[in-house]
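Q: Could you take a close look at one part of this predicted model for me? I'd like to hear about the aromatic pairs and what surrounds them.

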Amino acid sequence: MTKKYFGYENPLGKSLMILLYDSTRRGALYKITGVIPDPPKNAHFGFNFLASFKTLEHAEPELMTEEGWGSNGYY
């Protein structure tokens, strides 16, 4: 994803507009704070982006309630 969105520039500290979990449907800027290698092919799940639970809590607070833990949209 780094190369897709930033080419060969260092993405750390830059922001990316993400529409997912955005109730305004205008998108939200997410700051790039780390880059890791692609997961191995035999990993039990793949990913393009990772976010902390704190970020998720800010973006969609109801997912972090007792009822929200019924969602299986994330590991």
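A: A quick word on terms before we dig in: rings of Phe, Tyr and Trp (its six-membered ring) pair if their centres lie within 6.5 Å, and the planes count as stacked when under 30 degrees apart, edge-to-face when over 60, and tilted for the rest. By that reading, the structure holds two aromatic pairs.

Take Y5 and F49 to begin with: their ring centres sit 6.1 Å from each other and the planes make an angle of 45 degrees, so under the 30 and 60 degree cut-offs the pair is tilted. This pair ties together distant parts of the chain, with Y5 in helix α1 (residues 2-6) and F49 in the loop between β2 and α2, 44 residues apart. For orientation, β2 covers 28-31 and α2 covers 53-59.

How exposed are these two? Y5 comes out at 40% relative accessibility, so Y5 counts as partly exposed, the range between 20% and 50%. F49 has a relative accessible area of 43%, and therefore is partly exposed as well.

Now stay with F49 for a moment and look at what's around it. Leaving aside residues up to four places away in sequence, F49 touches M1, Y5 and L16. M1 is 48 residues away from F49 along the chain, yet their C-alpha atoms are separated by 7.8 Å. There's a surface side to this too: M1, Y5 and F49 make a nonpolar patch of about 290 Å². So Y5 turns up both as the ring partner of F49 and as a member of that patch, because patches take in residues with over 30% relative accessible area.

On to the other pair. F45 and F47 are also tilted, at 6.0 Å centre to centre with 45 degrees between the planes. F45 has a relative accessible area of 28%, which makes it partly exposed. F47, at 25%, is partly exposed too.

How far should you trust the picture? The mean pLDDT of the protein chain is 80, and 77% of its residues reach 70 or more. Among the elements, α1, the helix that carries Y5, has the highest mean pLDDT at 93, while α2 has the lowest at 75. As a rule of thumb, where pLDDT is low, the predicted coordinates should not be read in detail.

Conventions:
Residues numbered from 1 in each chain as written. Predicted model: local features only at pLDDT ≥ 70, side-chain atom pairs only at ≥ 80, totals over all residues. Heavy atoms only, no water. Helix = DSSP H or I, 4+ residues; strand = E, 2+ residues; numbered from the N terminus. Buried < 20%, exposed > 50% of the residue type's maximum accessible area, 1.4 Å probe, protein only. Contact = heavy atoms within 4.5 Å. Patch = residues over 30% accessible without salt bridge, like charges linked within 9 Å, V, L, I, M, F, W, Y side chains within 5 Å. Areas by Shrake-Rupley, 256 points an atom, 1.4 Å probe, with all protein chains shown as cover. Salt bridge = Lys/Arg side-chain N within 4 Å of Asp/Glu carboxyl O. pLDDT = per-residue confidence, 0-100.
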